[in-house]
Amino acid sequence: MPEIREMEARQKANNWLNAANMDETSQKEILELLESPEELDESFLQDLEFGTGGLRGIMGIGTNRINKYTVGMATQGFSNYLKSEFSSEVKVAIAYDSRNNSKLFAETTANVFSANGIKVFLFEDLRPTPELSFAIRHLDCKGGVVITASHNPKEYNGYKAYWSDGGQLVPPHDKNVIKEVNKIQSIDEINFTANPSLISKIGDTLDRSYLDMIKGLSLSPDAIREHGDIKIVFSSIHGTGITMVPRALQELGFTNIHVVEEQKVPDGNFPTVIYPNPEETEAMSLALKKAETTDADIVMATDPDADRVGIAVKNTKGEFQLLNGNQTGALLVYYLIVKTNEKGLKGNEYIGKTIVTTELIRDIAQSFNVNCYDTLTGFKWIADLIRTKEGKELFIGGGEESYGYMIGEEVRDKDAVASSVMIAELSAWAKQQGLSVFELLIEIYKKYGFYYEELKSITKKGIKGAEEIRTMMDDFRSQPPHTLAGSPVTQIIDYQEGIINHTNGKKEPISFPKSNVLQYLTEDGTKVSIRPSGTEPKIKFYFSVRGGFESDNYFEAEKNLKNKVHNLLKDLNL
């Protein structure tokens, strides 16, 4: 009932209003919300969930918003769990991106950790998320936090929690930290009284170690010596990438880097874009414009926390074309394996990818007798894969369709800094072979078949939107299609139930952690994956289709497969 909901929200707002820890500015904001029932509901009716990756939400006052109090509660719970898990000194590292309030939230996090007797290494200025992962491992920390909302709109911020391996929290730690955070019932249970003696600033020295690690990943120094003058256009889209990517490229030997000046300055309002997401053509428009005027070989842009990178290259028509995350991932994996094979594969190397990422990566790996392992969506699962295989098998690289890639084992989260360097090196190597990057992609398609992937996201905001997403997932489970684009559905994989349902009646268990993901596989190799986003108010549909490439005409092959995806959308009433 609306009246009951408003009473609940009003009670929670009054609890905050009267809390001893509440500052005067926040009290005024709460009083204003109490005069607006709809905004009060959105801000206080629900609690912002500390999920398996941490917090993410709209900034503002309230239990359902990102603010210093919800950040403080998360940190108090995380502190309690770290202290219960480790008897030795507990150390954590903290980084933050360019978003509004990120520095404030990072300092709040440092204050609460130190107030709980935990040693803190706080980056003195904004830094990429992957450098935080590196810092945790390099400084022998037990955990870490980065304040970021990745590529979400400017209204958002977030809090990502990491474990001692440098990866985001996975079972059992994710659920156990959630339990500790949920035990914090009042903001007066948060210890905000910082111990400055336990907070150390980190910066240049750590940067040097991180850059040296990236330089050590290079596989084709000869190609860089020969073609280090390739024209590179780079944009940080007002984020942290500017702190590391140009410097890393220069140190590797690339000399012709053109930075997009309009997007160079870190700015949480992201004034030149609608969404600071390199997956979006609009966010890449200024970089593409600069690429045209400079006749660039390659365009690269990173998201605000520099864990994702989007690229554009010239196609066979001489036009700049954005490559999707699956294409870039396939190019990187092909390059990494080819070069590792030249040096001599030992037989224990492997690639990691997520279940919604292109099967082209598996085909490439298997052609070199390199294992390819699937994980659930989210890079924390690839990090967990590395942890479980450490000392037995060697991770070469891998990634996910959403523009995140990882090279080697030193960082345990997607790394747009290392990836940007490797993409540039790949470009120089392709040029050494007499190929453009786009021509190299065509060669891969000729060898393995033409894969085409498409993502459709449907946004459903607020409490009502979350209910609609739940209903959609229930309907797709209870009423699955029998055919898709004319091909019979042969398998329905339900990761929430942990089972593969074959249409011949056979049932087969799967050894993945439970997750709200549903996949339809058809007789002709089509794969449709459906899942709610874990970080945004969206339900996502991933389409993957494969066709021949006999004509050698990229655009004709792509058009045919786009039509097939169009038919899939119609079959699913999307």
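**Figure 1. Strands S4 and S5 pair in the antiparallel sense.** Five bridges join S4 to strand S5 (residues 156–163) in this predicted model. Ile 147 stands opposite Tyr 159 in S5. Both strands belong to an open sheet of six strands, ordered S1-S5-S4-S2-S3-S6. Pairing across this sheet is mixed. Its edges are strand S1 (54–58) and strand S6 (199–202), each paired on one side only. From one strand to the next, the twist averages 15 degrees.

**Figure 2. Helices H4 and H5 lie across strands of the sheet.** Helix H4 (residues 68–85) lies across S1, strand S2 (91–96), S4 and S5. H4 runs at about 0 degrees to S5. Helix H5 (residues 102–115) lies across S2, strand S3 (119–123), S4, S5 and S6. Relative to S2, H5 runs at about 170 degrees.

**Figure 3. Lys 142 is buried without a salt bridge.** Lys 142 sits in the loop between helix H6 (129–138) and strand S4 (143–147). The nearest side chain of opposite charge is that of Asp 140, 5.0 Å away. A salt bridge requires a nitrogen-to-oxygen distance within 4 Å. Beyond four places in sequence, Lys 142 contacts Leu 82, Phe 86, Ser 88, Glu 89, Val 90, Lys 91, Tyr 162, Trp 163 and Ser 164.

**Figure 4. Helix H14 is mostly covered.** Of the eleven residues in H14 (residues 379–389), nine are buried. Among them are Phe 379, Trp 381, Ile 382, Leu 385 and Ile 386. The charged residues Lys 380, Asp 384 and Lys 389 are buried as well. The buried residues pack against helix H7 (173–183) and four strands: S12 (349–354), S13 (371–375), S14 (394–400) and S15 (404–407). Just after H14, Gly 391 adopts a positive phi of about 85 degrees.

**Figure 5. Helices H12 and H16 cross at roughly 80 degrees.** The axes of H12 and helix H16 (residues 437–448) come within 10 Å. The two helices are therefore roughly perpendicular. H12 contributes Gln 327, Ala 330, Leu 331 and Tyr 334 to the contact. From H16 come Val 437, Leu 440, Leu 441, Ile 444, Tyr 445 and Tyr 448. Within H16, Glu 443 and Lys 446 form a salt bridge (3.4 Å, N to O). These two residues are three apart, about one helical turn. Both are partly exposed, Glu 443 at 36% relative accessible area and Lys 446 at 41%.

**Figure 6. Val 338 and Lys 339 are buried in helix H12.** H12 spans residues 325–343. Val 338 has a relative accessible area of 12%, so Val 338 counts as buried. Beyond four places in sequence, Val 338 touches Phe 368 and Trp 429. Ile 364 is 26 residues from Val 338 in sequence, and their C-alpha atoms are 9.7 Å apart. Lys 339 is buried at 8%, whereas Glu 342 is exposed at 52%. Their side chains meet in a salt bridge (2.8 Å, N to O). The two lie three residues apart, about one turn of the helix.

**Figure 7. A salt bridge joins Lys 215 to Glu 251.** The N-to-O distance is 3.8 Å. The pair links distant parts of the chain, 36 residues apart. Lys 215 belongs to helix H8 (residues 204–215) and Glu 251 to helix H10 (residues 245–252). Lys 215 is partly exposed at 36%, as is Glu 251 at 27%. The whole structure holds 33 salt bridges. Elsewhere, a network of salt bridges links Lys 160, Asp 307, Glu 400, Asp 413 and Lys 414.

Technical notes. Residues numbered from 1 in each chain as written. Predicted model: local features only at pLDDT ≥ 70, side-chain atom pairs only at ≥ 80, totals over all residues. Heavy atoms only, no water. Buried < 20%, exposed > 50% of the residue type's maximum accessible area, 1.4 Å probe, protein only. Contact = heavy atoms within 4.5 Å. Pairing = 2+ DSSP bridges. Axes fitted to C-alpha atoms, helices over the stretch in contact; angles between N-to-C directions. Parallel < 35°, antiparallel > 145°, perpendicular 65-115°, else oblique.
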